[in-house]
Amino acid sequence: MSSRRSFVKKSAIAGAGLALAPSISLGAAKGAIAAKLNVGLIGVGLRGTNHLNNLLLRDDVNVAAICDVDDSRIGLALDIMAKKGKGKPKTFGKDEYDYRNLLELKELDAVIIATPWLWHTRMAKDSMLAGKYTGLEVSAANTLEECWDLVNTHEQTGVHLMLLENVNYRRDVLAVLNMVKQNVFGEMVHFRCGYQHDLRGVLFNDGKTAYGKGAEFGDKGISESKWRTQHSLYRNGDFYPTHGVGPIAAMADINHGNRFETITSHATNAVGFKDYITKLGGEGHPNAKLKWKQGDVVTSTIETSNGETIIITNDCNLPRPYSLGFRVQGAKGLWEVDGRRIYIEGKSKPHRWDEAKEWLEKYDHPLWKKYGDYAKGAGHGGMDFFVINAFVQSALQNIAPPMDAYDAAAWSAITPLSEQSIANNGEPQDFPDFTRGNWIKRKPYNWIKDTY
C-alpha cells in the first residue's frame, strides 16, 4: 500500500505524462489539467466505500462531499476519512433527493455515483446538468429511454460521463485486447462473455450481514438484497451485462467503426431461488412461495455491423463457480478463459491448446507492466485502481473518458432489449444507434498505452 500511495501522489503527472497547470478550473478548456480534482460521492455502500478508499490514496483528489440515505454508511465514511487524516467533507442524505443539493456545490468538479440501479440514470443526468464530470457505476440504465437520456444529456451539456466498468482493466482481458490490436487472432469473428456468478448469498441474507446466509430480501434484507433481488422478481432479462460485454466491445471497436445491430434473447425456467430459499428457510418460508420472473440462465446473441457475433450469458441464480465466460475468436485462433487456453494457427501445435499463461505474459498490457504493483489491494484484483485512475485522469483534463456516454447507453441497452426479445419468444430486437451515425467515423480509443 505504501508503494501505491507513493504512485498515486504523483499520478496526475506520471499517469498522464503531463505537467500540472496551476489553478486551472476543470471546465476552463478541454485538455487543461486541473491541479486537484474535487470529488463528491453519491452512495457510500460497499461499492462506494471501495471507491472512497482508492480516492483517499491520491494527492490529486480531494473528497469534498458524500451522500447516502443510510446514516450508518455516512458515519463509516467519515471514520475512514478521519483515520486517514483527511478533512471532513460536507454530508448529504436527509432524503432520497438530497443528492441534488450536493450537486449544487460550486467547488465540486466531479461526482461518482454508486447507488441502486434505478437511481443511476436520473442521478447521472442531474450530475451532467450540474456541470459535474460524472462517473457512473454499472449498469448505467434500465430502459431504452434512460439510455437515450444519458446520451442526450451529454450532448446537451457537453459534460462527460464515464462508465466505471472495472473488468475492462482486468489483467488477462487487457493482455488479450493487446493481442487483438496486434492482429494475433486475425480478423475477429466471434465472441462469448457474460456474468456467471452464484449471487444467491448476495441476493438473500439474514438481514444482519451483507453476505450472510439467509432467505430474506427487500425490507428484511441488507445491502444489495434490499434492492437488487426485486429485479428478478418482476423482470426477465439480462440485468447485468457490462462486466462481460464491456471488454468485448473494446475489442470489437463498438461505437468506433462498428456497432451492435440486433439481439435475440432466451431464458430458462426459474427454479434456483425457490430451491435456495426452501433449503435455508424451509418450504413454509413466505419467500419460498414467490414466483420469480427472471429465468435462471439468460442467453443473448448480438450481431454487429462488421459481421461478428457475441453470445452473452447471465447465470447468477444457480450454484456454480465464478466465470465471465470469455471467448475471443478470429480467423487465426482463439482464447478461452475457462480452461485458460489459447490456440494460434501456425504457432500452437496442430489441434492442441497452449496454456494461456505464456501468451498473456508475452502480451501483458503496458498499464499492468508499469503499475501492476501499485494496483495491489485496490479491489477486484487491482482492476479498481485502474478504472478510478482513468476516471481521475480524464476528469483532471476534462476530456472524453475511455468508456463514455455512448458506451454506457449501448452496453446497458442489452437489458431492455433482452427483456423485449424474451417477451416476444426470442424475436430479434434492433439496437438504437446512440451515436446517430457517427460510429462510422469515430476513432477507437487508444487502449494500448501506459497512462490510463
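User: Which helices each supply at least two residues of the lining of the second largest pocket?

Analyst: Keep in mind that this is a predicted model. The pocket in question has a volume of about 330 Å³, and 14 residues line it. Among those nearest its centre are Arg171, Asp172 and Lys357. The helices that each give at least two lining residues are H8 and H13 (356–362).

User: And where does the largest share of that second largest pocket's lining come from?

Analyst: The residues nearest the pocket centre include Lys357 and Leu360. The largest share of the lining is four residues, and the element that provides them is H13.

User: What is the strand order in the nine-stranded sheet?

Analyst: Strands of a sheet can pair either parallel or antiparallel. Here the pairing is mixed and the sheet is open. E14 (354–355) and E15 are its edge strands, each pairing on one side only. Reading across, the order is E14-E13-E12-E11-E7-E10-E9-E8-E15.

User: Let's zoom in on E8. Over how many bridges does E8 pair with E9?

Analyst: E8 covers residues 260–267 and E9 covers residues 297–304, and they pair in the antiparallel sense. One facing couple is Phe260 with Thr304 in E9. The number of bridges between E8 and E9 is seven.

User: Which residue in E15 is the bridge partner of Thr262?

Analyst: E15 (residues 429–430) pairs with E8 in the antiparallel sense over two bridges. Looking across from Thr262 into E15, the partner is Asp430.

User: Further along the sheet, which residue in E12 stands opposite Val328?

Analyst: E11 (residues 327–330) and E12 (residues 333–336) run antiparallel and are joined by three bridges. Opposite Val328, in E12, you'll find Trp335.

User: Is Asn166 buried or exposed?

Analyst: Asn166 sits in the loop between E6 (161–163) and H8 (171–181). Leaving out residues up to four places away in sequence, Asn166 touches Arg47, His243, His380, Met383, Asp384 and Val387. Its relative accessible area is 4%, so Asn166 counts as buried.

User: Which side chain makes a polar contact with the side chain of Asn166?

Analyst: Asp384 is one of the residues that Asn166 touches. The two side chains make a polar contact at 2.9 Å, so to speak side chain to side chain, and the partner is Asp384.

User: What is the relative accessible area of Tyr276?

Analyst: Tyr276 lies in helix H12 (residues 272–281). Beyond its neighbours within four places in sequence, Tyr276 is in contact with Arg200, Gly201, Phe204 and Gly214. Tyr276 is buried because its relative accessible area falls under the 20% cut-off. The value is 10%.

User: How many residues of H17 are buried?

Analyst: H17 spans residues 414–423 and is mostly covered. Among the buried ones are Ile414, Pro416, Leu417 and Ile422. Just after H17, Asn425 takes a positive phi of about 55°. Of the 10 residues in H17, the number buried is seven.

User: Last one, on the cysteines: how far from Cys316 is the nearest cysteine sulfur?

Analyst: The structure holds zero disulfides. A disulfide would need the two sulfur atoms within 2.5 Å, so Cys316 is in none. Cys316 also counts as buried, at 5% relative accessibility. The nearest cysteine sulfur belongs to Cys193, and its distance from that of Cys316 is 13 Å.

Key: Residues numbered from 1 in each chain as written. Predicted model: local features only at pLDDT ≥ 70, side-chain atom pairs only at ≥ 80, totals over all residues. Heavy atoms only, no water. Buried < 20%, exposed > 50% of the residue type's maximum accessible area, 1.4 Å probe, protein only. Contact = heavy atoms within 4.5 Å. Pairing = 2+ DSSP bridges. Polar contact = N/O pair within 3.5 Å; in protein donor to acceptor, adjacent residues only side chain to side chain. 1 Å grid on protein atoms, 1.4 Å probe; cavity = no way out; pocket = protein on both sides within 12 Å on 5 of 7 lines; lining within 4 Å. Points joined across faces, edges and corners; volume = space filled by probe spheres on them.
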